[in-house]
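Please look over the sequence and the structure below before reading on. The report then describes selected strands, contacts and surface features.

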Amino acid sequence: MAKAAAPPTATQGDPVRGLPPGPRMHRVVQTAIWSRRAQWMLEQCRTRLGPMFTLRIAYEGEWVIVSDPELIKQVFTGDPKVFHAGEGNQILRPLLGENSVLVLDEKRHIGQRRLLLPPFHGERMQGYGEKMAAIAAREIESWPTGTPYRLRPRMQAITLEIIIETVFGVHGGARIEPLRDALRDFLDLTTDPRFLVPMLAIGPDRIRSLPAFRRRVERVDELIAAEIAERRAAADLADRDDVLSMLIAARHEDDSPMSDQEIRDELLTLLVAGHETTATALAWAVERLARHPEKLERLRAEVLAGEEAYLTATIQETLRLRPVISIVIRRLTEPVELGGYELPAGAAVVPAIHLVHRDPRIYLEPGRFLPERFLEQPPGTYTWIPFGGGIRRCLGAAFAQFEMTVVLRELVRRHQIRPSDPAPERNFRRAITETPRRDAEVVLG
Ligand code: HEM
């Protein structure tokens with residue numbers, strides 16, 4: 001990697017106006033490295049440039065990477081009017097719509113987030129346990145034994161089915177097949193380079209006119225509209241516990257209900273934000289456990305004894321060591337003083353999840369898979385950040401962790417697991433998630 005550009009150095013006293021140092025490579029080269037080896041690039045830059053540095057990424061402008069928990073705390077607790085997160089997600093607008101909590105900022109963001117929070121409250125998750133376990137058991141029982149098998153796509157099948165049942169509230173019957181197919185097609189748009197590249201090149205607004213894009217979005221819109229209409233008329237609405245039913249009953253601050261369009265946008269947001277992320281985290285958990293038979297045995301013994309502490313710690317450790325998302329982004333609407341710099345408006349401040357999680361000052365032997373560390377000490381708010389933080393923290397954090405406990409429990413109860421190749425799987429970048437390169441390939445027994 002090229003040497004750092006001559007830095008303005010931040011010292012005690014007056015803040016340095018401008019950006020921290022960054023690699024000297026051309027923006028295009030930085031973007032190319034970032035898109036393939038983001039975590040490696042973060043590590044290299046931290047070693048050479050220190051805990052705060054600037055990357056220049058095409059379409060994204062300047063990213064000021066921060067990896068010190070104290071600075072991350074300042075970012076997560078900063079004024080949402082100044083630290084915009086929705087702005088960075090505009091690429092998703094043609095897919096998710098104008099009302100999506102992911103693409104909004106400030107007042108409108110808070111308005112939608114308020115409506116979405118109650119269904120995702122930690123305690124409510126317990127009610128989904130039986131449905132989740134039944135879906136996971138059905139899928140796991142169909143997996144072959146004694147032969148190499150890639151679990152990541154199968155974990156995606158589980159997380160999609162769980163979202164269809166618990167978020168959309170659709171169970172069995174004739175409607176589930178077309179809905180499942182249309183949602184899968186829609187999800188492909190978020191990872192398929194044939195759409196992603198033009199989306200970046202021609203911008204989010206013009207992408208809507210591409211016929212192949214329109215067809216897929218219209219199909220999904222049609223099916224969701226039918227579900228919303230039927231649910232609005234359902235006699236048992238008040239007794240239903242799926243997220244769609246709760247959104248129909250939810251009220252804005254002025255007591256008005258959510259429009260069909262708002263509900264559609266948020267349902268698709270939950271699907272896109274919650275499906276691949278959770279499946280990838282599950283795939284990493286298996287990838288790590290398969291290479292640590294003694295930890296897997298301890299986990300199995302505790303699960304069979306009806307205990308949960310080690311399972312929870314295993315999930316926390318997986319999300320630390322193999323975070324599915326490496327960074328979160330906040331774009332500055334006005335200059336901000338941070339870490340000895342006065343950063344200009346327009347720059348983005350970027351807490352680096354991956355770097356905090358690998359900091360040896362925070363985690364002893366940070367490269368080791370050691371669920372035990374979280375038995376002794378619970379994760380810290382600004383040192384364990386796989387779900388981001390502050391007012392933008394992942395809405396589905398409790399849902400995802402609960403889902404992971406249910407699926408892993410069903411898996412270790414039923415199968416012995418060994419890796420198809422003892423070497424650890426490297427990272428592979430798919431759109432925004434960091435996945436195991438061989439899709440968590442294992443041999444089940
Ligand atoms: C292991 C699985 C998951 C991971 C690692 C993950 C991670 C994240 C991260 C890093 C963010 C950005 C936070 C920030 O900017 O500070 C986020 C936002 C979000 N996530 Fe998740 N997520 C997961 C599962 C889910 C699930 C299951 C759902 C819902 C069903 C969900 C819904 C959302 C939503 C709606 C947002 C936007 C929140 C906002 O902007 O206010 N996520 N997630």
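What follows is a short account of the sheets, the salt bridges and a few single residues.

The model is a predicted one.

**Sheets and strands**

One open sheet has 5 strands in the order β2-β3-β9-β6-β4, and the pairing in this sheet is mixed. Its edge strands are β2 (52-57) and β4 (83-84), each of which pairs on one side only. Inside that order, strand β6 (residues 330-332) pairs with strand β9 (residues 348-351) in the antiparallel sense, over 2 bridges. Arginine 331 has alanine 348 in β9 as its bridge partner.

Another open sheet has 3 strands in the order β1-β8-β7, again with mixed pairing. Here β1 (16-17) and β7 (336-338) are the edge strands, and each pairs on one side only. β7 and strand β8 (residues 341-343) are antiparallel and share 3 bridges. The bridge partner of leucine 338 in β8 is tyrosine 341.

Strand β13 (residues 441-444) has two antiparallel pairings to consider. With strand β5 (residues 148-150), β13 pairs over 3 bridges. Tyrosine 149 has its bridge partner, valine 442, in β13. With strand β10 (residues 417-419), β13 also pairs over 3 bridges. In this pairing, isoleucine 417 stands opposite leucine 444 of β13.

Which way do the residues of β13 point? Glu441 and Val443 point one way, while Val442 and Leu444 point the other way. All of them are buried.

**Salt bridges**

How many salt bridges does a search of the whole structure find? The search finds 42. Three of the pairs are set out here, with the closest distance from N to O.

| Arginine | Acidic partner | Closest N to O distance |
|---|---|---|
| Arginine 180 | Glutamate 177 | 3.5 Å |
| Arginine 264 | Aspartate 221 | 2.7 Å |
| Arginine 320 | Glutamate 317 | 2.8 Å |

Arginine 180 and glutamate 177 both lie in helix α7, 3 residues apart, which is about one turn of the helix. Arginine 180 counts as buried because its relative accessibility is 15%, and the cut-off for buried is under 20%. Glutamate 177 has a relative accessible area of 47%, so it is partly exposed.

Arginine 264 forms its salt bridge with aspartate 221. This pair links distant parts of the chain: arginine 264 is in helix α11 (residues 260-290) and aspartate 221 is in helix α9 (residues 211-232), 43 residues apart. Arginine 264 is buried, at a relative accessible area of 7%. Aspartate 221, at 26% relative accessibility, counts as partly exposed.

Arginine 320 and glutamate 317 are 3 residues apart in helix α13 (residues 309-321), so about one helical turn separates them. Both arginine 320 and glutamate 317 are buried.

Salt bridges also form a network in this model, which links Arg175, Glu227, Glu230, Arg231, Arg240 and Asp242. Arginine 175, a member of that network, is found in the loop between α6 (151-166) and α7 (176-191). Is arginine 175 buried, partly exposed or exposed? Arginine 175 is partly exposed, because its relative accessible area is 38%.

**Charge on the surface**

Arg36, Arg37, Arg426 and Arg437 gather in a patch of positive charge on the surface. One of these residues, arginine 36, is placed in helix α1 (residues 27-49). Arginine 36 has a relative accessible area of 67%, so it is exposed; the cut-off for exposed is over 50%.

**Sequence and space**

Separation along the chain and separation in space can be set side by side for two pairs of residues. Proline 94 and arginine 206 are 112 residues apart in sequence, and their C-alpha atoms are 8.8 Å apart in space. Arginine 175 and arginine 414 are 239 residues apart along the chain, and 31 Å separates their C-alpha atoms.

Where does proline 94 lie? Proline 94 is in helix α3 (residues 93-96). With a relative accessible area of 6%, proline 94 is buried.

Methods. Residues are numbered from 1 along each chain as its sequence is written. This is a predicted model: local features need pLDDT of at least 70, side-chain atom pairs count only at pLDDT 80 or more; totals for chains, interfaces and linings use all residues. Side-chain values use heavy atoms; hydrogens and water are left out. Patches are made of residues with over 30% relative accessible area and no salt bridge: like charges are joined within 9 Å, nonpolar side chains (Val, Leu, Ile, Met, Phe, Trp, Tyr) within 5 Å. Accessible areas come from the Shrake-Rupley method with a 1.4 Å probe; for residues, only the protein chains shown count as cover. A salt bridge is a side-chain nitrogen of Lys or Arg within 4 Å of a carboxyl oxygen of Asp or Glu. Lys and Arg count as positive and Asp and Glu as negative; His and the chain ends are not counted. The place of a charge is taken as NZ of Lys, CZ of Arg, CG of Asp or CD of Glu. Helices (H or I, at least four residues) and strands (E, at least two) are DSSP runs, numbered from the N terminus. Buried means under 20% relative accessible area, exposed over 50%, partly exposed in between (1.4 Å probe, protein chains only). Two strands pair if DSSP finds at least two bridges between them.
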